[in-house]
Amino acid sequence: MKVFHKKFSQIKINQNEKFNTYITEKKLKKFVSISGDRNPLHLNKKYAQNLGFKENIIHGLLISSLYSKLVGVYLPGKYAVIGKISINFHNPLYLREKIQVSGKIISKDNRFKNIIIRAQIFKKDIIISTSEILVNVKK
């Protein structure tokens, strides 16, 4: 995977990037191991169905970790440090569903070398999550 390396001077408002991915059972198990979050809503299909979901749902913070990939790999890339992130969750995500992560630069502050990215995660035409991310660009 290529890591972008846009310097602050190269960044333009309305620049955007996107990538497609999905969450596998292997990724879910790794997240559970790292986070310690063993809530049955995320691991037990029958339990989740009893709460009204189609099957067990993916952890929100596992989903939102994809915003880190968006910023650190694509927009703007390796010179980026996330300073603040606001995340909203709109719909559940299930294992193996194809999703698209996209972001667009909506502002640029020359004094502090900060940008703000408006980002979202979709499956087909369904919004899973939206986010606004403050990023400091180190070069």
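In this short talk I will go through the sheet, the helix that packs on it, and the salt bridges of this model, which is a predicted one.

Let me begin with the sheet, which is open, has 5 strands in the order β1-β3-β4-β5-β2, and is paired in antiparallel fashion. Because β1 and β2 stand at the edges and have a single partner strand each, one side of each of them is left without a neighbour in the sheet. Ignoring direction, neighbouring strands of this sheet are turned against each other by 20° on average. For the edge strand β2, the pairing with β5 is antiparallel and consists of 9 bridges, and within that pairing K84 has L134 in β5 as its bridge partner.

On this sheet packs helix α4, which touches β1, β2, β3, β4 and β5, and whose direction makes about 145° with that of β2. The helix covers residues 60-74, so to speak 15 residues, and it reaches 21 Å from its first C-alpha to its last, close to the 21 Å expected at 1.5 Å a residue. Which residues of α4 are buried? They are L62, I63, S64, L66, Y67, L70, V71, V73 and Y74, and as a group the buried residues pack not merely against the strands β1, β2, β3, β4 and β5 but also against helix α1, residues 25-35. As a general reminder, an α-helix has 3.6 residues a turn, so residues three or four places apart point the same way.

I turn now to the charged pairs, of which a search of the whole structure finds 6 that qualify as salt bridges. One of them joins the side chains of K6 and E17, at 3.8 Å from N to O; since K6 lies in the segment before β1 and E17 in strand β1 itself, this pair ties together parts that are 11 residues apart in sequence. K6 is buried, with a relative accessible area of 15%.

Which residues are joined into one network by salt bridges that share partners? These are K54, E97 and K123. E97 pairs with K54, their closest N and O atoms being 3.6 Å apart, and this links the loop between β2 and β3, where E97 sits, with the loop between α3 and α4, where K54 sits, 43 residues away. E97 also pairs with K123, here with the closest N and O atoms 3.1 Å apart, and K123, in strand β4, is 26 residues from E97 in sequence. As for accessibility, E97 counts as buried at 16% and K123 counts as buried at 11%, whereas K54 counts as partly exposed at 49%.

K123 deserves a further word, as a polar atom of its side chain lies 3.1 Å from the backbone oxygen of P92. Leaving aside neighbours within four places in sequence, the contacts of K123 include P92, L93, Y94 and I128.

K54 leads us on to Q49, a residue of helix α3 that is partly exposed, with a relative accessible area of 36%. The side chain of Q49 reaches the backbone oxygen of K54 at 3.0 Å, and beyond four places in sequence Q49 is in contact with K54 and E55.

Finally, N39 lies in the loop between α1 and α2 and is partly exposed at 33%, while its side chain reaches the backbone nitrogen of L41 at 2.8 Å.

Key:
Residues numbered from 1 in each chain as written. Predicted model: local features only at pLDDT ≥ 70, side-chain atom pairs only at ≥ 80, totals over all residues. Heavy atoms only, no water. Polar contact = N/O pair within 3.5 Å; in protein donor to acceptor, adjacent residues only side chain to side chain. Contact = heavy atoms within 4.5 Å. Helix = DSSP H or I, 4+ residues; strand = E, 2+ residues; numbered from the N terminus. Expected span 1.5 Å × (residues − 1). Buried < 20%, exposed > 50% of the residue type's maximum accessible area, 1.4 Å probe, protein only. Pairing = 2+ DSSP bridges. Axes fitted to C-alpha atoms, helices over the stretch in contact; angles between N-to-C directions. Salt bridge = Lys/Arg side-chain N within 4 Å of Asp/Glu carboxyl O.
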